[in-house]
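Biologist: Before I accept any of the labels attached to this model, I would like to hear the reasoning behind them. Could we go through them one at a time?

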Amino acid sequence: MDAQKSLTGTFENEHFNFSGKPTIADVLEKPSSGLIETQVQDNIAIITSTSNLEEVADRLASKPNRELLRIAIIYVVC
């Protein structure tokens with residue numbers, strides 16, 4: 001999880017503008033949305049990040065199924 005959005009920023013350029021597109025925060029808060037990945041180079045696809053992952057983590061921490069949710073996301077991503 002790229003909390004500072006560094007990796008996303010690495011690939012943002014005139015070809016890839018990720019603003020307004022779903023991010024990993026959206027997937028964490030609503031897993032049924034599925035993974036939204038973007039192919040940025042041969043053999044490299046990313047799920048964009050956002051700089052508010054700490055806020056998302058705080059909201060998820062209050063959910064009873066937070067560990068199950070994290071495991072599910074890790075399983076799907078890997």
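Biologist: Why is Ser49 counted as buried or exposed, whichever of the two applies?

Modeller: This is a predicted model, and in it Ser49 has a relative accessibility of 6%. Buried means under 20% relative accessible area, so at 6% Ser49 counts as buried. Ser49 lies in the loop between β2 and α3, and its C-alpha is 9.3 Å from that of Asp26, a residue 23 places away in sequence.

Biologist: What makes the link between the side chain of Thr8 and the backbone nitrogen of Ser49 a polar contact?

Modeller: The side chain of Thr8 reaches the backbone nitrogen of Ser49 at 2.8 Å. A polar contact requires a pair of N or O atoms within 3.5 Å, one able to donate a hydrogen and the other to accept it, and the distance of 2.8 Å satisfies that cut-off. Thr8 itself is found in helix α1, which spans residues 6-11, and because its relative accessible area is 2%, Thr8 is buried.

Biologist: How do you know whether Thr48 is buried or exposed?

Modeller: The relative accessible area of Thr48 is 3%, and since the limit for buried is under 20%, Thr48 is buried. Its place is in the loop between β2 and α3. The side chain of Thr48 reaches the backbone oxygen of Pro22 at 3.0 Å, a value that again falls within 3.5 Å. Leaving aside neighbours within four places in sequence, Thr48 is in contact with Thr8, Phe18, Pro22, Thr23 and Ile24.

Biologist: What makes Asn43 exposed, and what is unusual about its phi?

Modeller: Asn43 has 81% relative accessibility, and because exposed means over 50%, Asn43 counts as exposed. As for the backbone, phi of Asn43 is near 65°, a positive value in a residue other than glycine. Most residues other than glycine have a negative phi. Asn43 lies in the loop between β1 (38-41) and β2, and the hairpin of these strands has two residues between them.

Biologist: How do you know that β1 and β2 pair?

Modeller: Two strands pair if at least two bridges are found between them, and β1 and β2 have three, in the antiparallel sense. As one example of a bridge, Thr38 has Ile46 in β2 as its partner.

Biologist: Why is Gln41 called partly exposed?

Modeller: The relative accessible area of Gln41 is 45%; since buried requires under 20% and exposed over 50%, this value falls in between, and Gln41 is therefore partly exposed. Gln41 has its place in strand β1. Its C-alpha is 9.2 Å from that of Phe11, although the two residues are 30 apart in sequence.

Biologist: What makes a group of residues here a nonpolar core, and which residues form the largest one?

Modeller: The members have to be buried residues of the nonpolar kinds, joined through side-chain atoms within 4.5 Å. The largest such core has seven residues, namely Ile24, Ala25, Val27, Leu28, Leu53, Val56 and Leu60. The elements that give two or more residues to this core are α2 (24-29) and α3 (53-61), and α2 gives the most, with four residues. In soluble globular proteins, nonpolar side chains tend to be buried together.

Biologist: How many helices and strands does the protein have, and in what order do they run?

Modeller: There are four helices and two strands, and from the N terminus on the elements run α-α-β-β-α-α. Of the 78 residues, 26% count as buried.

Biologist: Which elements have the lowest and the highest mean pLDDT?

Modeller: Helix α4 (residues 66-77) has the lowest mean pLDDT, 64, and strand β2 (residues 44-46) the highest, 83. Over the protein, pLDDT averages 75, and 74% of the residues score at least 70.

Note on methods:
Residues numbered from 1 in each chain as written. Predicted model: local features only at pLDDT ≥ 70, side-chain atom pairs only at ≥ 80, totals over all residues. Heavy atoms only, no water. Buried < 20%, exposed > 50% of the residue type's maximum accessible area, 1.4 Å probe, protein only. pLDDT = per-residue confidence, 0-100. Contact = heavy atoms within 4.5 Å.
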